[in-house]
Amino acid sequence: MAPQRRGPPRAHEAGAGAPERRRHGRKPAAGNKGGWTPKQLRRKWLSAAAVLGACIGLAGLLLWDHQQGEEGVTEVLAGRNEVLPGRFFTVPCSEDYDSHRRFEASLRRGWPWEDLTVGRCGPAHVLQASILDLHSGALSVGKHFVNLYRYFGDQIQNIFSEEDFQLYRDVRRKVQLAIAQAFGISASALHLTKPTFFSRINSTGAQTAHDEYWHAHVDKVTYGSFDYTSLLYLSDYLDDFGGGRFVFMEDGANRTVEPRAGRVSFFTSGSENLHRVEKVRWGTRYAITIAFSCNPDHGISDPAFGQGA
């Protein structure tokens with residue numbers, strides 16, 4: 001019997017994909033489960049790439065903003081959440097102390113109090129910056145200074161009390177002893193020197209060049225009598241203010257101290273400890289600057305209640 005010729009395959013034998021292949025003229029690409037055309041795939045990938053690019057751009061912007069906030073800081077010496085029994089960082093001393101050779105015993109190289117922070121051998125200028133010197137009664141008011149004691153006269157007792165001055169003296173002694181212990185010297189070799197002052201910094205624009213506290217500087221250049229500088233912080237970084245961290249300036253290795261109420265940091269005042277304070281972006285930063293000299297000729301007495309009246 002002669003073999004019979006088969007006709008064209010029926011639709012159910014050919015499979016549902018046959019009409020699609022004839023309609024689109026090509027077989028779907030491997031892995032293309034949705035049956036997208038190359039043009040559709042290209043649009044999909046371009047869309048995904050655009051989203052990815054936007055994410056990368058946003059991440060880069062956030063990183064840049066973070067770095068701007070860090071202001072080049074590469075190491076945190078004392079974080080705001082740390083309660084430190086004492087941390088010490090040693091750097092070589094500069095030659096700024098050559099004229100102090102006869103006081104060499106009090107110049108050892110170099111530690112926080114509830115929280116004593118950083119001692120280094122090796123001004124706290126204060127934007128709108130306000131400073132008050134308890135010794136002289138000098139209070140910055142805009143572009144000028146007024147003598148608080150003379151201005152208020154006998155009414156100064158409505159502002160300060162003897163207990164306030166005694167507390168200040170007690171704090172000064174504790175700071176002096178901490179510096180002496182950290183640097184291995186006698187406390188009697190350290191003489192309180194001027195200016196010693198309270199400072200307040202907020203984000204109001206600077207009115208004078210002296211308000212531009214954020215510039216890098218050396219305390220011994222700014223205040224010739226300084227041999228040791230200390231800072232007692234009275235407010236908390238990120239809780240009471242933003243910005244305003246203390247930054248030691250070093251080539252490729254800036255190191256910062258984040259203010260914390262009750263934290264004391266101190267360091268030798270020469271060019272080995274070039275430093276600055278970041279601009280305060282919000283809130284108010286309070287601190288006390290207390291400095292000491294090895295030269296008794298630069299020494300001053302503790303403030304007394306109503307002494308400038």
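Pro195 sits in strand S8, which spans residues 191-201. In this predicted model, the peptide bond from Lys194 to Pro195 is cis, with omega near 0°.

A further backbone feature occurs at Leu238. This residue is not a glycine, yet its phi is positive, at about 75°. Leu238 belongs to the loop between S9 and strand S10 (241-243). Its relative accessibility is 39%, so Leu238 counts as partly exposed.

Phe248 is part of strand S11 (residues 246-248). Its relative accessible area is 1%. The cut-off for burial is under 20%, and Phe248 is therefore buried. Phe248 and Asn273 are 25 residues apart along the chain, but their C-alpha atoms are separated by 6.4 Å.

The protein chain as a whole has six helices and 16 strands. It contains 309 residues, of which 41% count as buried. The accessible surface comes to about 17,300 Å². Carbon and sulfur atoms account for 55% of that surface.

In soluble globular proteins, nonpolar side chains tend to be buried together. The largest nonpolar core in the model holds 26 residues. Ile179, Tyr228 and Phe292 touch the most other members. Two helices and three strands each supply at least two residues of this core: helix H4 (148-152), helix H5 (162-183), strand S9 (228-233), strand S13 (263-268) and strand S16 (285-293). H5 provides the largest share, nine residues.

The contacts of Phe292 beyond four places in sequence can be listed by position. Arg172, Val175, Gln176 and Ile179 are among them. So are Leu190, His191, Leu192 and Thr193. Ser225, Phe226, Asp227 and Tyr228 are also touched by Phe292. A second core, separate from the largest, has 17 residues. Its members include Ala78, Leu84, Phe241 and Val280.

Confidence varies along the chain. The mean pLDDT is 75, and 62% of residues reach 70 or more. Over residues 61-69 the pLDDT is below 50. Beyond near neighbours in sequence, this stretch has four contacts in the model. Residues 102-128 also stay under 50 in pLDDT. For residues 102-128, the model has 167 contacts beyond four places in sequence.

How values were computed. Residues numbered from 1 in each chain as written. Predicted model: local features only at pLDDT ≥ 70, side-chain atom pairs only at ≥ 80, totals over all residues. Heavy atoms only, no water. pLDDT = per-residue confidence, 0-100. Contact = heavy atoms within 4.5 Å. Core = buried A, V, L, I, M, F, W, Y, C linked by side-chain atoms within 4.5 Å. Buried < 20%, exposed > 50% of the residue type's maximum accessible area, 1.4 Å probe, protein only. Helix = DSSP H or I, 4+ residues; strand = E, 2+ residues; numbered from the N terminus. Areas by Shrake-Rupley, 256 points an atom, 1.4 Å probe, with all protein chains shown as cover.
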